[in-house]
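Let's take a walk through this structure, one side chain at a time. Keep the viewer open as you read.

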Amino acid sequence: MSSAPGKLLPRPEIFDFQGVSMTRFFTDNWENVQNFQAKPGDILVATYPKAGNTWVSYILDLLYFGQTERQTIPIFERVPLLELTSPGFGSGKDAVDKLPTSPRVIKTHLPVQFVPKSFWEQNCRIIYVARNAKDNVVSYFHFDRMNRMQPEPGGWSSYVHRFMEGKLMFGSWYDHVNGWWKKKQTYPNLHYVFYEDLVEDTGREIEKLCCFLGLSRSDEEKKRIIDRSQFDNMKKDDMVNYSSIAVMDFKISPFMRKGKVGDWRNHFSEAQSLQFDEDYRKKMTDVTLQFRCDI
Ligand code: PPS
């Protein structure tokens, strides 16, 4: 997987695709992605963009494969993004097909209705990671500023409005987190994780992951994984910090940016926050799904 050619690409246009805002990098390979053949052991890590996918993917990689020579392979090759296809990156679906590991850990940002049906047919284990809307939109804004494979973000104020309208890549955050939350009611092999819980107590969440995956690891091993997957350690590690991706300009903003809960306070004005909250209450009517914007 070479990253260099991507640097020359113009930023993609965003368009409505079956009711969800998408770019061609995630729709060009649509039929192949929809026909993807999952294996029963596959583990899907699903998130709205910037909700902690890389973190959880890395934890799973460490839980299953430990500190082997795998640690010299970039995380986006160990855990490919299924729906991605671009001249610089090739096809995520092909990359998954070529994965030699068992289980295969697979990344997706697809809303639940777009997940290839073989995942459900094979009863695959799925981990969904959700992050509070305010920190999620902040992280997404900085990502879109630095990543030329994403549509032009424009200014912060208009960006927040487009987030509220569901007009960013992969569509509405509100539909995404709710759609996956509802799926949990009917699909038991889905583990719903909150980014804020991971930040608050990574060890506790790793315990829950082990329980869900039926894994038992020694206390020593779990301590090592907690340490390796800490923000500062991941930020330093070129195999997980995305520093080898040419389309990302870390001078604008690094991939491993802050890793905090509550950074939204440094971005939202009081008026923006009030307007956002009012709109949020109208959209997030399921009282069983609660997020924390501070911990
Ligand atoms: S992507 O591009 O959609 O796959 O991004 P994703 O990995 O889902 O989310 C990136 C944000 O997760 C933060 N992150 C972490 N936070 C805390 N601890 C650890 N270990 C960690 N690893 C990744 C990353 O910094 C991005 O959030 P922001 O707020 O921008 O820092």
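What follows goes from a buried acid to aromatic pairs and then to salt bridges. Keep in mind that the model is predicted.

Start with Asp135, which you'll find in helix 6, residues 133-146. What is the nearest side chain of opposite charge to Asp135? That would be Arg131, 5.0 Å away, and Asp135 is buried yet has no salt bridge. The cut-off for a salt bridge is 4 Å between a side-chain nitrogen of Lys or Arg and a carboxyl oxygen of Asp or Glu. The side chain of Asp135 does have a backbone partner, though: it reaches the backbone nitrogen of Trp264 at 3.0 Å. Leaving aside residues up to four places away in sequence, Asp135 touches Lys260, Val261, Gly262, Asp263, Trp264 and Cys293.

Now for the rings. A pair of aromatic rings is described by the distance of the centres and the angle of the planes. The count here comes to 33 aromatic pairs. Take Trp30 and Phe114: their ring centres are 5.1 Å apart and their planes stand at 85 degrees, so this pair is edge-to-face. The two residues are 84 apart in the chain, and the pair links distant parts of it, with Trp30 in helix 1 (residues 30-34) and Phe114 in the loop between strand 6 (105-108) and helix 5 (117-121). Are these two buried or exposed? Trp30 counts as buried at 10% relative accessibility, and Phe114 is buried too, with a relative accessible area of 5%.

Phe268 and Phe276 give another edge-to-face pair, because their planes are at 80 degrees, with the ring centres 5.2 Å apart. Both of these Phe residues are buried. Phe268 has a charged visitor as well: the charged end of Lys134 sits over its ring, 5.6 Å from the centre. Look for a similar arrangement at Trp120, where Lys183 lies over the face, at 4.2 Å from the ring centre.

On to the charges. Side chains of opposite charge can pair when their charged atoms come close. How many salt bridges does the model have? The count comes to 20. One of them joins the side chains of Glu207 and Lys222, at 3.0 Å from N to O. Glu207 lies in helix 10 (residues 202-213) and Lys222 in helix 11 (residues 219-228), so this pair ties together parts that are 15 residues apart in sequence. Glu207 is partly exposed at 40% relative accessibility, whereas Lys222 is buried, with a relative accessible area of 12%.

Stay in helix 11 for Glu221 and Arg224, which are three residues apart there and so separated by about one helical turn. Their side chains meet in a salt bridge at 2.5 Å, N to O. Here Glu221 counts as buried at 14% relative accessibility, while Arg224 is partly exposed, with a relative accessible area of 39%.

Helix 13 (residues 270-283) holds both Lys283 and Asp279, four residues apart, about one turn of the helix. They form a salt bridge, with the closest N and O atoms 2.7 Å apart. Lys283 is partly exposed at 31% relative accessible area, and Asp279 is buried at 17%. Finally, look beyond single pairs: salt bridges that share partners join Asp197, Glu200, Arg204, Glu205, Lys208 and Arg292 into one network.

Note on methods:
Residues numbered from 1 in each chain as written. Predicted model: local features only at pLDDT ≥ 70, side-chain atom pairs only at ≥ 80, totals over all residues. Heavy atoms only, no water. Buried < 20%, exposed > 50% of the residue type's maximum accessible area, 1.4 Å probe, protein only. Lys, Arg positive; Asp, Glu negative; His and termini not counted. Polar contact = N/O pair within 3.5 Å; in protein donor to acceptor, adjacent residues only side chain to side chain. Contact = heavy atoms within 4.5 Å. Phe/Tyr/Trp six-rings, centres within 6.5 Å; stacked < 30°, edge-to-face > 60°. Lys NZ or Arg CZ within 6 Å of the ring centre and 35° of its normal.
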